[in-house]
Amino acid sequence: MLQIQRHKVTILVALMVGVLAAVPGATRADPESNGTVLEVSGPKKGAYPIAVPTASDGDTAAAKEIATVASFDLSVAGVFKVLDPASFLDKTLGLDIDPQKWKDVGAYGVVKYKATADTIEFRLYEMSKGTTPSLTKSYPRKGDTRAIVHRWCNEVVKYYTGEAGFFGSKIAFTAKGKGTSAIYAMDFDGANAYSVSKNSSTNILPAWSPSGGQIAYTSFMRENPDLYVAPAGGGRPTKVSSQKGMNTGASWSPDGSKLAVTLSKDGNAEIYIISASDGSIVKRLTNDKAIDTSPAWSPDGGTIAFVSDRNGGPQIFVVPAGGGSAKQVSTNGSYNTTPAWSPKSGKHVIAYTTRDGGTYDIVTLDIDSKTMTRITQNEGSNEEPSFSPNGRAIAFARAGQGVFIANADGTGKAVKVWSGSATGVDWGPAPSP
Amino acid sequence: MSMNEGQMHVVSIVGAVAIFAALSVPTLWLTNAADAHQPELRDVTVIEASIAVRKQKVVQPQKQVRTPDAPVKPTGVNHDDKKDPPVDPKKPDEKSQHDDKPNTDINRFQHGDPDDPAGKPVTTVGDFNGSEKGFGDVTKGDPWLGQLNADLRFTPPEIAKGDSVPVGCIHLTADGKIVDTKFDVKTDDDLQTAAEAALDGLKKLRNDHPVPVPDHLLPLTTKWLCFKFSVTK
């Protein structure tokens, strides 16, 4: 009897020890140091605190602009928390720092710079490395100061994440006017906006080519909604597809040779693949009495997502780009539209517009894991998402307010980059280094 | 006329058979008749029966809400040049804590009374000895230490560089305050910064809201209590 009880006690103790060992961050002795040190463990999570103090020497006018642009860039990168300059203690002039004073305000990294008439020199410091900069770059002051800052911030993102940044990329969208709508393009942060369509008709649904050199869009300039491709800088457009009925919703193949479009030449809206150069039909992908529209070509080229109401309300479907049967992937709510693929390789994530109650919001869906992430909530009506070139951010239109960008992991608040009535947002490819 | 016992048995058996037959024959006949009128399978009309199940409402995903970071208050700098720096009345006299003079108290070297096997109750835990670190098994599963661990809030950022394991130590006092911190193993990556921030945060928290060290952990106050910081994979 006593032996049985001993066994029970032994098992109970073993279980308790096991549970204690399994709990992350559990307090236990360290065997390597004769049980003298407590172990503390935690996951890597949250944004990286970084400071961008405004340089107080050199070209002070440029210094303010550099700090503003760099702070904005890093704050929307999806991985940084840019610290409030009001808390800064280190007043060290020039490119040097006092690491302890930056640690005292919670900074892990600090960006210092100095602008002269000829160059802008940047330094990235990590507090753990003291006064030795982790990254140094010097750029000749040729052209736009903003562009130089974007290039530097891309270096910072690459240093930390190994991924290319999206600073310097462009966003296209439809700007609504009175009775017309025009295709606009702008820097991702809203600067340098310009008209691409340059006509007084209705122009909708822009789509950047993979190279960034062209924009496809639908225009009613010849009454019928035909598909055009124009130089991204805004030159004369070329008519690519003018089938009877709709020629809309273009999405480029990754190699830029083809376009997935919605055509209604036979009366019903169906998804087709056409040649990007002459509009000839390469393949018909859907054949259903329901409405099939809004194609989006996956970054690996193998799949096309689209919207269909074949099962009732509009839902997101996927179909092999080479043809095959379509499969519904969205299951939340009764109204899901405007799919856009994440460019992250190895992932199959789609962002789309979903109706929740009386408003529309942006969500993402990992098709493999079925994980959904909400990007917007209780912030107006949000539609037509498009991923940044590195997949870290999503641009979208907020009804009556403009174009916004938000973290693609659902954290943080969206930031407005363009004010006005906008739809049909499409984020262009990464800028050339 | 009277029947003998054998005749009575025969009559009762015959009666029982007669009653059984009277009951079972009509029953069997009726059953066969019913089977004879059963339709062929091909003539049967199938009515599908199903149970109505209320469709489970699909809930829309909810947006992540990140807990706002605690405001970072600058430390160690007085912005008012005319104002004297604040004096922390709780800060111990460092000289008395880390006196380099040799300790001449020979009582500390005395052993227990060998004639008294039960020993004597410990009434003092001794002074802080900066050359000693931590302690052993007493840490396992202790709630006070568990809370201390939780209060560390070691959270390196998602993109923090490095995979080092810094080791930081605190000097506790019996009232639960932290009078000093140091790093035994100092690394040169972001995990060091995260560990320093965690120790600084713990020091501030425990000095603002001290939790007295329980009696059984008082030996902690005589040596550095160290933490090994690592990232959960």
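Start by selecting strand 26 of chain A, residues 382-387: 6 of its 6 residues are buried, so the strand is largely enclosed by the rest of the structure. Keep in mind throughout that this is a predicted model.

Add residues 393-398 of chain A to the selection. This is strand 27, which pairs with strand 26 in the antiparallel sense over 4 bridges. For a point of register, show Phe387(A) and look across to strand 27, where Ile394(A) stands opposite. Next, follow the chain through the hairpin that links strands 26 and 27 of chain A, with 5 residues between the strands. Stop at Gly391(A), which takes a positive phi near 80 degrees in this hairpin.

Move to the open sheet of 4 strands in chain A, ordered 18-19-20-21 with antiparallel pairing. Its edges are strand 18 (292-297) and strand 21 (327-328), each of which pairs on one side only. Strands of a sheet pair through backbone hydrogen bonds, so displaying the backbone is useful here. Now select residues 303-308 and 315-320 of chain A: these are strands 19 and 20, and their antiparallel pairing runs over 6 bridges. Within this pair, Ile304(A) can be found opposite Val319(A) of strand 20.

Zoom out to the whole of chain A and colour it by domain. Domain 1 covers 48-161 and domain 2 covers 170-427. Their centres, taken over C-alpha atoms, are separated by 35 Å. Where the two domains touch, domain 1 of chain A contributes 5 residues to the contact and domain 2 contributes 9. On the domain 1 side, the residues touching domain 2 comprise 3 nonpolar, 1 polar and 1 charged.

Finish in chain B with helix 3, residues 143-152. Which residues of this helix are buried? Show Leu145(B), Leu148(B), Asn149(B) and Leu152(B): these are buried. Turn the view to look down the axis of helix 3 of chain B: the buried residues fall within an arc of 100 degrees, so they line one face of the helix. An α-helix has 3.6 residues a turn, so residues three or four places apart point the same way. On the other side of helix 3 of chain B, select Pro143(B), Gln147(B) and Ala150(B), which are exposed.

To see what covers the buried residues of helix 3 of chain B, bring in the neighbouring elements, among them strand 1 (37-42) of chain A. From chain B itself, helix 4 (190-208) and strand 3 (225-231) are also part of this cover. The last stop is Arg153(B), just after helix 3 of chain B, where phi is positive at about 50 degrees.

Notes
Residues are numbered from 1 along each chain as its sequence is written. Chains are lettered from A and ligands numbered from 1 in the order in which they are written. This is a predicted model: local features need pLDDT of at least 70, side-chain atom pairs count only at pLDDT 80 or more; totals for chains, interfaces and linings use all residues. Two strands pair if DSSP finds at least two bridges between them. Helices (H or I, at least four residues) and strands (E, at least two) are DSSP runs, numbered from the N terminus. A residue is buried if 20 or more other C-beta atoms lie within 10 Å of its own, exposed if 12 or fewer, and partly exposed in between; C-beta atoms are placed from the backbone. Domain bounds come from an automatic or database domain assignment. Two residues are in contact if their C-beta atoms, placed from the backbone, lie within 7 Å. Ala, Val, Leu, Ile, Met, Phe, Trp, Tyr, Cys and Pro count as nonpolar, Asp, Glu, Lys and Arg as charged, and the others, Gly among them, as polar. The arc is that of the directions from the helix axis to the C-beta atoms.
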